[in-house]
Amino acid sequence: MKIIAVIGSGTMGNGIAHTFAQFGYQVNLIDINVEALQKALKTIEKNLDRQVQKETLSETEKQETLARINIFTDMKEGVVQADLVVEAATEQLDLKLKIFREVDIFAPPHTIIASNTSSISITQIAAVTNRGSQVIGMHFMNPVPVMQLVEVIRGYATSDETTAAVMELSVKLAKKPVEVNDYPGFVANRILMPMINEAIATLYEGVAGVSEIDTVMKLGMAHPMGPLQLADFIGLDVCLAILKVLHDGFGNPKYAPCPLLVNMVMAGKKGIKSGEGFYNYA
Ligand code: CAA
């Protein structure tokens, strides 16, 4: 694999582009909005600078990494030569289905199409393409250049060859891939989101305040971030969307999103991205 197309230049997309480029791959970063692409390049440069400051990357490697990333606003141009496409668009089913239909038309026949979805069914996404065996989940964690895990999700039709190729590729990015099957929330979010939801319910019921809840989990369980801070970091809208997938997929009331989370998202308090969530970032 040489050319990797990354669709979506938000937090996850720019982290994925950064990581592939750092490890020597040619990256075509695709977004409908040229301003978003320029912002993503600035973010990647800023994050590469952190690595240069920590002396885990040289200035030359930083420049070479940046030079490997090309930006595109046209889907066809971006994917037509790609060996792998990683979709990292907004977590909306209709949008993902539209993207997968298009990519399936424009990408070469050998190309694997992966989704970085945090909870949408890979099997459902694969079903709108004519290459179900070459569709897979490649779920990176935020911040992508730092976190070691890639959750590799096998859809119902994903082949052994596709899975092996994506596992091998993840290792080349210095990540630790873990293979899981396609059921709601996969493994990461099936376990993480009930914890975050319970932390929000603990706040909602007045058991403790925001910083008390986070401190208990940080100091008591050695989590790098408390669950409420982590929810802000992930995005409260994303947490809500994932909980809805778990709730719908399993039909179990234990996954019902806490009413406080629902209200906060409706009020536009989405965490770091909106300037306010459980904490204030203004
Ligand atoms: N790019 C490159 N390097 C970065 C970076 C980025 N975007 N963000 C942070 N770093 C580096 C820093 O330079 C620093 O490097 P050193 O270890 O070499 O010093 C290191 O990462 C730690 O960063 P900081 O010192 O700034 O801050 P910190 O110690 O508080 O760590 C954190 C920040 C790594 C984000 C840490 O708080 C953490 O691990 N938090 C939990 C993250 C997590 O759980 N992610 C998963 C979220 S769930 C998800 O993504 C999937 C989903 O489906 C919802």
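Trainee: Which residues touch the most other members of the largest nonpolar core?
Mentor: This is a predicted model, in which local features need pLDDT of at least 70 and side-chain atom pairs count only at pLDDT 80 or more, while totals for chains, interfaces and linings use all residues. Residues are numbered from 1 along each chain as its sequence is written. The core has 74 residues (buried Ala, Val, Leu, Ile, Met, Phe, Trp, Tyr and Cys joined through C-beta atoms within 7 Å), and the members with the most such neighbours are Ile4, Val6, Val85 and Cys239.

Trainee: Which helix gives the largest share of this core?
Mentor: The core draws at least three residues from each of domain 1 (3-181) and domain 2 (189-274), with bounds from an automatic or database domain assignment. Nine residues, the largest share, come from residues 236-250, which form helix H11 (a DSSP run of H or I, at least four residues, numbered from the N terminus).

Trainee: Why are the buried residues of helix H12 on the same side of H12?
Mentor: In helix H12 (residues 259-266), the buried residues are Leu261, Met264 and Val265 (20 or more other C-beta atoms within 10 Å of their own, all placed from the backbone; exposed means 12 or fewer). On the other side of H12, Pro259, Asn263 and Met266 are exposed. The buried residues share one side because, around the axis, they cover an arc of only 95°.

Trainee: Which residue with positive phi follows H12?
Mentor: The cover over the buried residues of H12 includes H8 and H11. After H12 comes a residue whose phi is positive, near 85°, namely Gly268.

Definitions and conventions:
Helix = DSSP H or I, 4+ residues; strand = E, 2+ residues; numbered from the N terminus. Arc of directions from axis to C-beta. Contact = placed C-beta atoms within 7 Å.
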